[in-house]
Structures are given as C-alpha cells and as structure tokens.
Amino acid sequence: MVPLAHPQKAWLGLALLLQSFSAATPVSLAESPSTVEPSATSTPKPVIKYRAFGDSYAVGLGAGTDFAYGEGDGCYRSNGSYPNQLNLILNDAPIAEENFHACSGATTDDVAKQAEYLDETVELATITVGGNDVGFSDVVLNCVYKPFGLLSSDCDKTIDDADSKIENEFGDGLRKAFTAFTERPRHPNLQVFVTGYAHFFNAETPECKGESWNFYDVGEPNLDTGAEKLTPELRQKLNDYGLNINAKIEEIVNEFSAKPDVGTWRFVSYDNSFETHRFCEGRYDEPADKDSDHPETWFQQRLTVECIFEYEVAMLDESRSSPKYCIKILHPTFMGQTAITEAVRKAYLAGNEESA
C-alpha cells in the first residue's frame with residue numbers, strides 16, 4: 001500500500017474500503033461498526049465535494065466490486081477505482097452515485113456529455129479520457145493478443161494509425177471535452193486533475209522475448225499463426241504509443257491551465273509509479289494463468305478462449321457488448337488504482353498549498 005500523509009484518515013479510509021469490498025452496495029458511515037462517534041466538542045471535518053469523470057481507467061474496471069448503483073449500465077464502476085479510494089481518503093466515505101460519472105468505453109465525446117454533472121458546488125474533479133479515441137483496444141488486440149489469428153490486422157499498421165490519430169485528431173477531441181467542463185457553472189476554487197495512462201511493458205528485459213500471447217500460436221515454428229512475439233522492440237513500440245497519448249493529453253491540459261477563469265487545471269502523471277510493476281519484469285512466467293493475476297504486476301490479464309468467442313460474436317452483432325472479464329485486460333489492478341489515487345492525492349495537496 002502506498003504510504004499516505006495522514007495515517008489516521010488513511011486507516012479509516014482503508015477500513016471502509018475493505019468493508020465495502022464485502023458487498024456490491026457501498027457502505028455508509030452510519031452502517032460502519034468501526035465508526036467512532038464524535039465528541040460533543042469535536043469539529044466535523046468539512047466535506048470536499050468531489051466528482052469523477054472519464055473512461056474505464058477511471059471506473060476501476062476489474063479492480064474491485066462493482067457498485068450496485070451502476071448495475072446493468074455497462075459502466076462497471078468499482079469500489080477499487082481511484083475515485084472511490086480518493087473519496088475514502090478525503091471524505092471518509094465511498095463515492096456516491098451522484099458523484100461518479102465515469103463509464104467504460106467513454107470517448108472524448110462521451111466525457112463532454114458527462115460535463116453536465118459539473119456544477120458550482122464541486123471543488124475537485126478528476127478526468128481520465130483518451131484511450132478509446134486513439135485505438136487502445138485495436139492496438140491491444142492486433143499487437144498483443146491477435147484473437148483472430150491471421151485475420152487480425154497488422155500490428156505495425158495499427159500502431160501507425162493510432163499514432164496518426166494522436167497527432168492529427170486527438171487534440172481537438174480533448175479540447176472539445178475540456179471546453180464542455182469550462183462552460184459549466186463552477187466553484188470559485190475548482191481544481192481539475194486530468195490523469196494520463198501507464199505503459200504496459202518493461203522493454204529492457206530478455207523476458208517475454210520469445211513469448212506470444214496469441215491463442216493461435218501453438219508453438220510450431222513452421223506454422224504461421226500471425227502471432228506477434230513480445231520482443232523488446234515491440235514492447236518499446238507499445239510503450240511509446242502510451243507515452244504519446246500522455247504527451248498529447250498533457251499538452252492540451254497545459255493549454256487549459258493557462259486560460260483565465262476556468263478553474264485550476266493540472267495533468268497528473270503516474271507512469272513512474274508503475275516501475276517494476278509492468279509486464280515482462282522477469283519475476284513471473286508470462287502470461288498469467290486464466291482468471292489469475294500476478295500480484296506484483298499492476299495490470300490485469302489475460303484474454304481467454306471464451307473472450308475470443310465473445311469478440312467474434314460482437315463483430316457480427318454490434319448490439320452485443322463483450323463481458324467485463326474480457327474487456328478488463330491491460331487495465332490497472334487494485335494496486336495500480338491505488339498508485340493513481342496517490343498521484344492524484346499528492347497533486348491535490350500540492351494545489352492546496354499553492355493557493356494557501
């Protein structure tokens with residue numbers, strides 16, 4: 001667990017978080033047996049009005065138990081998410097439905113619509129968005145898993161297309177989304193923190209060099225299955241793709257940071273927190289067995305045979321979405337979400353010190 005600046009608040013937050021994992025419905029302070037009744041002379045801690053917006057990295061896809069209030073909406077907001085962990089630290093309570101508007105699959109257009117939930121009462125907002133605009137799922141499928149074998153698209157072309165989107169289209173999408181927030185009524189001390197993403201692989205180790213995560217790669221050297229080997233070169237290409245996304249997000253956030261009368265905007269990078277916790281670090285055989293994750297790897301894996309079937313069905317029936325256990329691949333685990341929480345918390349505290 002990443003150390004926190006306020007031990008008493010951290011212990012209470014952790015206790016509530018562990019308790020909330022026992023059920024899909026968030027636990028209220030009134031129901032918590034660990035809650036200490038305040039004395040008659042104590043001063044209640046002010047509540048920080050916080051709202052969370054964004055995509056599947058913000059909902060904590062697969063990182064915990066989904067909240068009951070989102071059941072059936074396909075968003076998969078979980079109590080392991082960084083918005084929930086952050087709210088537990090700041091407000092000693094799980095994040096309420098009215099404050100948690102991130103949704104899996106959200107693009108910049110979708111996040112622009114989420115902005116309607118920002119109002120003048122909100123002091124703190126977080127946004128995570130971008131991966132779905134620049135081909136995240138295509139890169140993962142065509143360069144790592146290739147679930148359709150030889151029918152999968154070419155990896156190099158997929159990355160080139162994604163990089164082209166980042167360079168030529170992505171910035172405008174981010175500007176549109178962020179502008180939607182700046183046009184809303186706002187608190188005079190509003191702080192907005194936009195997070196990036198973390199890259200997936202250690203590209204410098206010999207581990208994974210001869211490995212393929214393609215399910216059609218049966219290990220026959222003379223059989224062409226279209227499998228990609230996770231060479232250091234491919235891993236570096238995939239890492240660079242993620243870093244390019246971050247660089248563009250930071251660039252646009254800095255534009256908004258320089259604007260007057262829009263609140264305080266900051267980019268939050270947590271990529272360095274994932275050092276030694278990526279794939280191919282050398283401590284495990286890759287990939288993990290089905291339905292299991294390596295505890296020191298802060299990304300979830302892996303694509304199963306069942307998922308290949310689900311993806312193929314979804315290609316034929318656009319109204320059908322893939323189940324959560326398929327789409328959670330390469331999303332942060334609970335510990336990965338904890339690292340994001342700590343990065344945002346530090347940025348928020350630093351912002352408060354600057355404005356004091």
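## Strand pairing in the sheet

Two strands count as a pair if DSSP finds at least two bridges between them. In this predicted model, strand 1 and strand 2 (residues 124-128) are joined in the parallel sense over five bridges. Within this pairing, Phe53 has Ile127 of strand 2 as its bridge partner.

Strand 2 also runs parallel to strand 3, with five bridges between them; here Thr128 is matched with Thr195 of strand 3. Strand 3 and strand 4 are likewise parallel and joined by five bridges, and the bridge partner of Phe193 in strand 4 is Arg266.

## The sheet as a whole

These pairings belong to an open sheet of four strands, in the order 1-2-3-4. Strand 1 (50-54) and strand 4 (264-268) each have a single partner strand and stand at the edges, so one side of each has no neighbour in the sheet. From one strand to the next, the twist averages 20 degrees.

## The setting of strand 3

Five of the five residues of strand 3 are buried, so this strand is largely enclosed by the rest of the structure. In a regular strand, side chains alternate between the two faces of the sheet. In strand 3, Gln191, Phe193 and Thr195 point one way, while Val192 and Val194 point the other way.

## Helices against the sheet

Helix 6 (residues 155-182) lies across strand 1, strand 2, strand 3 (191-195) and strand 4, and runs at about 140 degrees to strand 4. Helix 7 (residues 232-257) also packs on the sheet, where it touches strand 3 and strand 4. The direction of helix 7 makes about 165 degrees with that of strand 4.

Notes
Residues numbered from 1 in each chain as written. Predicted model: local features only at pLDDT ≥ 70, side-chain atom pairs only at ≥ 80, totals over all residues. Heavy atoms only, no water. Helix = DSSP H or I, 4+ residues; strand = E, 2+ residues; numbered from the N terminus. Axes fitted to C-alpha atoms, helices over the stretch in contact; angles between N-to-C directions. Contact = heavy atoms within 4.5 Å. Buried < 20%, exposed > 50% of the residue type's maximum accessible area, 1.4 Å probe, protein only.
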